[in-house]
Amino acid sequence: MKYENARDLLPEPLLRQVQKYISGKLVYVPAREHKREWGSASGYRQILRQRNREICARFAIGESIEQLAKMYCLSCESIKRIVYNRKESMRMEYQGTLSSAQEWARQGRLEEWVHAYLLSDGDNKPFSDGLKIVDRMFLGPFRMPLSLFQRCTGPVEEGLKYQIHPVVWERNVQRLMEVIPKEPDMPPLIVHYLIPEGERMGEFELNDGNNRWEAYTRLGIKDAHVIVWITDRDEYDQFMERFGEYVK
């Protein structure tokens, strides 16, 4: 390693101070370490971020400050700081509809809408919990062709990830086929774009809305609004390259 003359680097007063302790010797000065954010090494910041997201989502679906304080063993003031820690001073009202998701997206709060939906109308807290494990990117809602997606839930069929009793499945789909033509504000489907391990090309996984997808398909509907979530940057870049035309 090339050494430098301290006389060329240090101001005279500092040089005299150094010479009191070291004179005529080679000294290694280590580079300054970048200070880590509090809690980054232990992962505690991530845990708090996940907790706060859930608190905001539960507040959005109508749980009171007092209920949340009791549920999370926090003071009411702490809960208020979490749920009102937004640039928007007005509390946004959650609804399990497309128009609600679009409004939350316009305010930069699409991820919060997703968790509010999964904790209420979507009735899928395990999915909400899984999404909070790491930071995700959420895009949408925008229209995409239904032919891009395949169900991962349904009656007893080979290759499905989740199976539902055929009678229950058919009853749910038939009910939706009656509702969809009368209700233009159905909630968006939630899909995951990922590149499977060992593969180069990504694919979609339909996480929420399998019943709706089936009802749409039987009704002859070709496309629907979706929210796409992505974890890795390379997956995002590939999605935008292949399907960016749908992102409005």
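**Exercise 1.** Is C73 buried or exposed, and how does C76 count?

*Solution.* C73 has a relative accessible area of 70%, so C73 is exposed (over 50%; buried is under 20%, partly exposed in between; 1.4 Å probe, protein chains only). C76, at 30% relative accessibility, counts as partly exposed. The model is predicted: local features need pLDDT of at least 70, side-chain atom pairs 80 or more, while totals for chains, interfaces and linings use all residues. Numbering starts from 1 along each chain as its sequence is written, and side-chain values use heavy atoms, without hydrogens or water.

**Exercise 2.** Find out how covered helix α7 is, and how W113 and Y117 sit in it.

*Solution.* Start with the span: α7 covers residues 110-118 (a DSSP run of H or I, at least four residues; strands are E, at least two; both numbered from the N terminus). Eight of its nine residues are buried, among them L110, E112 and V114. Next, take W113, buried at a relative accessible area of 0%, and Y117, buried at 5%. These two are four residues apart in α7, about one helical turn.

**Exercise 3.** Classify the ring pairs W113–Y117 and F204–F239.

*Solution.* The structure holds 10 aromatic pairs (ring centres within 6.5 Å; planes under 30 degrees apart are stacked, over 60 edge-to-face, the rest tilted; Trp by its six-membered ring). For W113 and Y117, the centres are 5.2 Å apart and the planes at 10°, so the pair is stacked. For F204 and F239, 6.2 Å and 85° make the pair edge-to-face. F204 lies in strand β5 and F239 in helix α11, so this pair ties together parts 35 residues apart in sequence. Finally, ring pairs link F204 and F239 with F149, Y193 and F243 into a cluster.
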